[in-house]
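Colleague: Could you take me through one part of this model in detail, beginning at the loop that leads into the opening helix? I would be glad if you then followed the chain contacts outward from there.

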Amino acid sequence: NRPIDSNAPIVHASTINSSLSASEVYSKIIQIDEWPTWQSNVNHVSKTTTDQELVEWKMKVSGKKIKGETHTLTPPYTVGWTERRFGIRRVINCRIYPIKDGCEIEINSSTSGIFAKWFTNKNKLRTQKRITELLQSF
């Protein structure tokens, strides 16, 4: 598990309850090539590796090219990935807790890099919007 950078210019944490089971949420998240079907701001995803331990991909989010890779895959409760684009690095960790009638999904993220520092407010809004949409899809 790669921890988020608690000293990054942008740190975000959100939690939501879902009627889906923990394993259903986990499966949905790790099917990276399906992200465009349930995240409106993800325009395209293409996997560059298919290793079960490390999945790398390239995607377009709101028209911007991003490279990503998983760093944690612990079925069915923990998923983590890193996204990079010029001047920005985002670490996202998702924990899924079974509860009665579904699960609780907790997402923590940090965004660092030179552009995260320069455009903190703009990037903070983008991060909040992306994480909110991710959570609402469950």
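Modeller: Happy to! Let's begin with S21, which sits in the loop between strand 1 (10-18) and helix 1 (22-30). Please keep in mind throughout that this is a predicted model. S21 has a relative accessible area of 27%. Buried would require a value under 20% and exposed a value over 50%, so S21 is partly exposed.

From S21 we can step across to another loop. The C-alpha atoms of S21 and P76 are 9.5 Å apart, with their positions 55 residues apart along the chain. P76 belongs to the loop between strand 4 and strand 5, and the peptide bond that leads from P75 into P76 is cis, its omega being near -15°. If you plan to use these coordinates as input, that is the bond to look at in this loop.

Back at the start of the chain, S19 gives a second link across the sequence. Its C-alpha atom is 7.8 Å from that of F138, although 119 residues separate the two along the chain. F138 lies in the segment that follows helix 4. With 13% relative accessibility, F138 falls under the 20% limit and therefore counts as buried.

A word on confidence belongs here. Helix 4 (residues 120-136) has the lowest confidence in the protein chain, with a mean of 67, while strand 6 (residues 88-99) has the highest, at 93. Over the protein chain the mean pLDDT is 84, and 87% of the residues reach 70 or more. Where pLDDT is low, the predicted coordinates should not be read in detail.

Now let's follow the two strands that flank the cis bond's loop. Strand 4 (64-74) carries E69, and E69 is buried because its relative accessible area is 18%, under the 20% limit. Its salt-bridge partner is R84, with the closest N and O atoms 4.0 Å apart. R84 lies in strand 5 (residues 78-85), so this pair ties together parts that are 15 residues apart in sequence. R84 itself, at 34% relative accessibility, is partly exposed. Here, then, a partly exposed arginine is paired with a buried glutamate.

That is one of the 2 salt bridges that a search of the whole structure finds. In the other, the side chains of R90 and E83 meet at 3.6 Å, N to O. Both R90 and E83 are buried.

Beside R90 in the numbering is R89, which has its place in strand 6. R89 has a relative accessible area of 32% and so is partly exposed. It also takes part in a long-range approach: its C-alpha atom is 8.3 Å from that of A116, 27 residues away along the chain. Further along, the loop between strand 6 and strand 7 (102-112) holds D101. D101 has a positive phi of about 65° although it is not a glycine. Its relative accessible area of 65% is over the 50% limit, so D101 is exposed.

Strand 4 has another feature to show you. K58, K60, K65 and K67 form a positive surface patch, to which strand 3 (56-61) and strand 4 each supply at least two residues. K60 is found in strand 3 and counts as partly exposed, at 35% relative accessibility. K67 lies in strand 4 and is also partly exposed, with a relative accessible area of 44%. The C-alpha atom of K67 is 7.5 Å from that of E56, 11 residues away along the chain.

To place all this in the overall layout, the protein chain has 4 helices and 7 strands. Read along the sequence, they follow the pattern β-α-α-β-β-β-β-β-β-α-α. Of the 138 residues in the protein chain, 40% are buried, among them R90 and E83.

How values were computed. Residues are numbered from 1 along each chain as its sequence is written. This is a predicted model: local features need pLDDT of at least 70, side-chain atom pairs count only at pLDDT 80 or more; totals for chains, interfaces and linings use all residues. Side-chain values use heavy atoms; hydrogens and water are left out. Patches are made of residues with over 30% relative accessible area and no salt bridge: like charges are joined within 9 Å, nonpolar side chains (Val, Leu, Ile, Met, Phe, Trp, Tyr) within 5 Å. Accessible areas come from the Shrake-Rupley method with a 1.4 Å probe; for residues, only the protein chains shown count as cover. Lys and Arg count as positive and Asp and Glu as negative; His and the chain ends are not counted. The place of a charge is taken as NZ of Lys, CZ of Arg, CG of Asp or CD of Glu. Buried means under 20% relative accessible area, exposed over 50%, partly exposed in between (1.4 Å probe, protein chains only). pLDDT is the predictor's confidence in each residue, from 0 to 100.
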